[in-house]
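Hello,

Here is the structure I said I would pass on. My notes on it follow below the display.

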Amino acid sequence: MTATTDLLVDAFGRIREVVHEVLDGLPAEHLDVRPDPQANSIAWLVWHLARVQDDHVADVAGRPQAWTEDGWAERFGLELPVVDIGYGHSSDDVARVSRLSTELLTGYVDAVHARTVEFVAGLTDDDLARVVDERWDPPVTLGVRLVSVISDDLQHAGQAAYLAGMLGRGGTD
């Protein structure tokens, strides 16, 4: 590993840590609470951050997602298209990501994390400069895509922690 990949592995590890801190000991009835009808629940936030990481990292790694390859889509049993990652969800879509357990959510987060770390740990600085998306100006490199996923995931993990705190269960600091 390089210093850069060490940092990426650490950053992805922090996402996993926050999710575990949020879900550890969280009462099941708190998973689906939405502060208002347009807000996201803890279950949706955790599912979405894992789906984004799984989708985006699998894409740049050129491999299938854990969601489909390892049967997570079936285990979750959501009434959503299998390719759905939560982007652009309506309030009704958010409500469909419900009745999940903390064990199911942490299991999926852990599976995605393991795949991500396996991929990121083998990268070189030259790999990080590879263009992975030419639809943008400037084109997006692998390094920029990974940082984007980290940023998005940490924001959602923080939102879940805040909501857990609002509900009277500490979450993270």
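Tryptophan 47 is a reasonable place to start: with a relative accessible area of 1%, where buried means under 20%, this residue is buried. Please keep in mind throughout that this is a predicted model.

Tryptophan 67 also counts as buried, at 4% relative accessibility. The structure as a whole holds seven aromatic pairs. One of them is formed by tryptophan 47 and tryptophan 67, whose ring centres are 6.4 Å apart with the planes at 65°, so this pair is edge-to-face. Because tryptophan 47 belongs to helix α2 (residues 42-61) and tryptophan 67 to helix α3 (residues 66-69), the pair ties together parts of the chain that are 20 residues apart in sequence.

Another pair consists of tryptophan 72 and tyrosine 108; here the ring centres lie 5.7 Å apart and the planes stand at 45°, so the pair is tilted. Tryptophan 72 sits in helix α4 (residues 72-76) and tyrosine 108 in helix α6 (residues 102-121), which makes this a link between distant parts of the chain, 36 residues apart. Tryptophan 72 and tyrosine 108 are both buried. Taken together, ring pairs join Trp44, Trp47, Trp67, Trp72, Phe76 and Tyr108 into a cluster.

Around the cluster

Three residues have contacts or distances that involve members of this group or the elements that carry them.

Alanine 73 is in helix α4. At 14% relative accessibility, alanine 73 counts as buried. Its C-alpha atom is 9.7 Å from that of tyrosine 108, and the two residues are 35 apart along the chain. Apart from its neighbours within four places in sequence, alanine 73 is in contact with Trp67, Leu78 and Val82.

Valine 97 lies in the loop between α5 and α6. Although it is in a loop, valine 97 is buried, with a relative accessible area of 1%. Residues up to four places away in sequence aside, valine 97 touches Asp32, Ser41, Ala43, Trp44, Trp47, Leu78 and Leu80. From valine 97 to phenylalanine 76 the C-alpha separation is 8.7 Å, across 21 residues of sequence.

Glycine 77 is in the loop between α4 and α5. At 53% relative accessibility, with exposed meaning over 50%, glycine 77 counts as exposed. Glycine 77 and leucine 100 are 9.4 Å apart, C-alpha to C-alpha, and 23 residues apart in sequence.

Backbone points to check

Most residues other than glycine have a negative phi, and most peptide bonds are trans. Two places in the model depart from that.

The first place is arginine 99, which is not a glycine but has a positive phi of about 60°. Arginine 99 is located in the loop between α5 (91-96) and α6. Is this residue buried or exposed? Arginine 99 is exposed, with a relative accessible area of 70%.

The second place is the peptide bond between aspartate 137 and proline 138, which is cis, with omega at about 5°. Proline 138 is in the loop between β1 (131-133) and β2 (140-141).

The chain overall

The chain contains eight helices and two strands. Read from the N terminus, the order is α-α-α-α-α-α-α-β-β-α. The strands β1 and β2 thus come between helices in that order.

How does the radius of gyration fit, and what would a compact globule have? For 173 residues a compact globule would have a value near 16 Å, and the chain has 16 Å, which agrees. The C-alpha trace spans about 45 × 35 × 30 Å along its principal axes.

Of the 173 residues, 47% are buried. Among contacts between residues at least 6 apart in sequence, 72% join residues at least 24 apart.

On the surface, the chain exposes about 8,800 Å², and carbon and sulfur atoms supply 52% of that area. The side chains include 13 positive and 30 negative ones. The centres of these two sets lie 3 Å apart.

For your own look at the model, I would list the cis bond between aspartate 137 and proline 138, the positive phi of arginine 99 and the aromatic cluster that includes Trp47 and Tyr108.

Regards

Conventions: Residues are numbered from 1 along each chain as its sequence is written. This is a predicted model: local features need pLDDT of at least 70, side-chain atom pairs count only at pLDDT 80 or more; totals for chains, interfaces and linings use all residues. Side-chain values use heavy atoms; hydrogens and water are left out. Helices (H or I, at least four residues) and strands (E, at least two) are DSSP runs, numbered from the N terminus. The radius of gyration is taken over C-alpha atoms; the globule rule is 2.2 Å times the number of residues to the power 0.38. Buried means under 20% relative accessible area, exposed over 50%, partly exposed in between (1.4 Å probe, protein chains only). Contact means heavy atoms within 4.5 Å. Accessible areas come from the Shrake-Rupley method with a 1.4 Å probe; for residues, only the protein chains shown count as cover. Lys and Arg count as positive and Asp and Glu as negative; His and the chain ends are not counted. The place of a charge is taken as NZ of Lys, CZ of Arg, CG of Asp or CD of Glu. Rings of Phe, Tyr and Trp (its six-membered ring) pair if their centres lie within 6.5 Å; planes under 30 degrees apart count as stacked, over 60 as edge-to-face and the rest as tilted.
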